[in-house]
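Welcome, and thanks for taking a look at this one with me. Here are some notes to read alongside the sequence and the model.

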Amino acid sequence: KAYANYATHCFQLFNRLETDFRSIPKIQQALIPSFEKKLRTMKACVGANQLFVRKILNERHVFMNSDTINYDWVMKKNRPPTPGNMEKVLSTLKQCVRDWSEEGKEERAMCYGPIISEIKKLFPKPSTKIRMLVPGCGMSRLVWEVANAGFHAQGNEFSYFMLLCSFLILNCTKKVSAYQLFPYVHQTQNQYSPRGQLTRVMLPDVNPGSIPDSSLSMNAGDFQEIYEDQVEEWDCIATCFFIDTANNVIEYIRLISQLLRVGGYWVNFGPLLYHYSGMRDEISVELSWEEIKGCLKHYNLKLIREERCRPATYCFNKQGMMKNEYSCVSTTCVKIGKTPREKPAPRFHSLINKEKQQQQQQQQKQQKQNQ
């Protein structure tokens with residue numbers, strides 16, 4: 001529904017911009033004679049983006065497979081999407097640039113480059129019999145690159161915003177530059193000129209269908225829920241900007257170890273932003289890199305490569321005035337023994353409270369029996 005509301009949301013933002021501009025004195029309005037033309041162009045760019053969004057929505061049936069949800073009722077229900085969901089739509093469009101455009105090539109080289117280079121060193125003879133997992137694959141370019149390098153790769157992603165968009169690119173696109181996109185048209189802050197805001201980007205920069213279907217698969221859903229029952233099924237796990245998406249990063253380490261066969265590798269790149277930090281009712285275990293390193297030995301993961309201060313930008317508009325740049329770690333671990341058997345830790349405060357209540361009830365019951 002957020003995708004369907006994309007153009008309406010943007011036009012509401014633009015109407016506010018126009019109202020605010022009209023509120024200033026006319027003598028000041030006259031100093032910006034190009035404002036009306038820019039606004040018309042912005043609306044036209046949103047119209048072009050809407051064509052791309054419609055193509056995404058045309059494939060939504062792939063994920064509408066629940067017998068318990070009335071999807072038509074959800075779409076018709078007169079309830080606007082939340083601001084947070086609308087922001088995710090705008091963010092996903094910018095993610096397209098990062099993963100699937102020529103403009104995103106430099107950014108991909110910063111973060112995906114070290115991972116692909118390391119995988120090729122660890123597995124000098126590519127084969128589709130070598131199974132590689134890429135959890136938190138986002139718009140799926142990294143998992144595509146792994147498959148394109150000659151391995152069997154499976155991507156896992158939780159965000160349906162990204163899953164819908166990446167499905168269109170991976171499964172419904174058979175040529176380069178099939179779509180045009182104006183990803184920064186909504187970004188009115190930190191612009192040197194209107195030209196930067198109205199930048200056109202063509203997607204994709206490669207033919208996604210150029211690799212065999214058997215070498216690439218996707219698994220939609222929560223990483224911990226989907227893979228908890230798997231044991232030693234993967235030769236390599238590649239994570240990029242991922243481990244800090246955990247409520248408890250130690251749980252991710254435990255599960256990654258469990259999934260790897262003995263002798264398998266974990267290749268990681270990214271910062272420690274901790275996505276659940278400060279969120280109500282969410283556990284957020286926030287550790288430094290040194291503290292995380294201290295946990296590896298317990299799960300029989302041996303750190304064999306560590307690089308610090310690797311720069312990486314994220315969805316950077318080269319023509320803008322603002323840049324988010326991280327100083328990342330780039331690491332490789334090898335699994336040297338069996339993973340200790342442990343019960344998965346609870347991820348939400350509500351579950352912890354429920355367990356405490358159950359323990360208290362059991363203690364009270366036991367005390368009554370003793371009396």
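The points below go from the whole chain to the sheet, then to the helices and one side chain.

1. Please keep in mind that this is a predicted model. The protein chain has 13 helices and nine strands. It is 371 residues long, and 46% of them count as buried.

2. Two totals help to set the scene. The accessible surface of the protein chain is about 20000 Å², with 50% of that area belonging to carbon and sulfur atoms. If you take the contacts between residues at least 6 apart in sequence, 76% of them join residues at least 24 apart.

3. A good place to begin your tour is the open sheet, which is built from seven strands with mixed pairing. Following the order across the sheet, you meet β5-β2-β1-β6-β7-β9-β8. At the edges sit β5 (216–220) and β8 (301–313), each of which pairs on one side only. From one strand to the next, the twist averages 15 degrees.

4. Within that sheet, have a look at β6 (residues 234–240) and β7 (residues 260–270), which pair in the parallel sense through six bridges. To find your bearings there, start from C236, whose bridge partner in β7 is Y265.

5. Which strands does helix α11 lie across? Spanning residues 249–259, α11 lies across β1 (131–135), β6, β7, β8 and β9 (325–335). Its direction is at about 140 degrees to that of β7. Helix α12 (residues 289–296) also packs on the sheet, where it touches β7, β8 and β9. The direction of α12 makes about 155 degrees with that of β8.

6. One residue of α12 deserves a closer look: K293. Is K293 buried or partly exposed? Its relative accessibility is 25%, and buried would mean under 20%, so K293 counts as partly exposed. Leaving aside residues up to four places away in sequence, K293 touches L303, E306 and R308. K293 and L303 are ten residues apart along the chain, and their C-alpha atoms are 8.0 Å apart.

7. Finally, turn to helices α5 (residues 83–100) and α6 (residues 105–122), whose axes come within 7 Å and cross at roughly 75 degrees. Angles of 65 to 115 degrees count as roughly perpendicular, and α5 and α6 are therefore described that way. In their contact, V97, R98, D99 and W100 of α5 meet E107, R108, C111 and Y112 of α6. These residues divide into four nonpolar and four charged, with no polar ones.

Note on methods
Residues numbered from 1 in each chain as written. Predicted model: local features only at pLDDT ≥ 70, side-chain atom pairs only at ≥ 80, totals over all residues. Heavy atoms only, no water. Pairing = 2+ DSSP bridges. Helix = DSSP H or I, 4+ residues; strand = E, 2+ residues; numbered from the N terminus. Axes fitted to C-alpha atoms, helices over the stretch in contact; angles between N-to-C directions. Contact = heavy atoms within 4.5 Å. Parallel < 35°, antiparallel > 145°, perpendicular 65-115°, else oblique. Nonpolar A, V, L, I, M, F, W, Y, C, P; charged D, E, K, R; others polar. Buried < 20%, exposed > 50% of the residue type's maximum accessible area, 1.4 Å probe, protein only. Areas by Shrake-Rupley, 256 points an atom, 1.4 Å probe, with all protein chains shown as cover.
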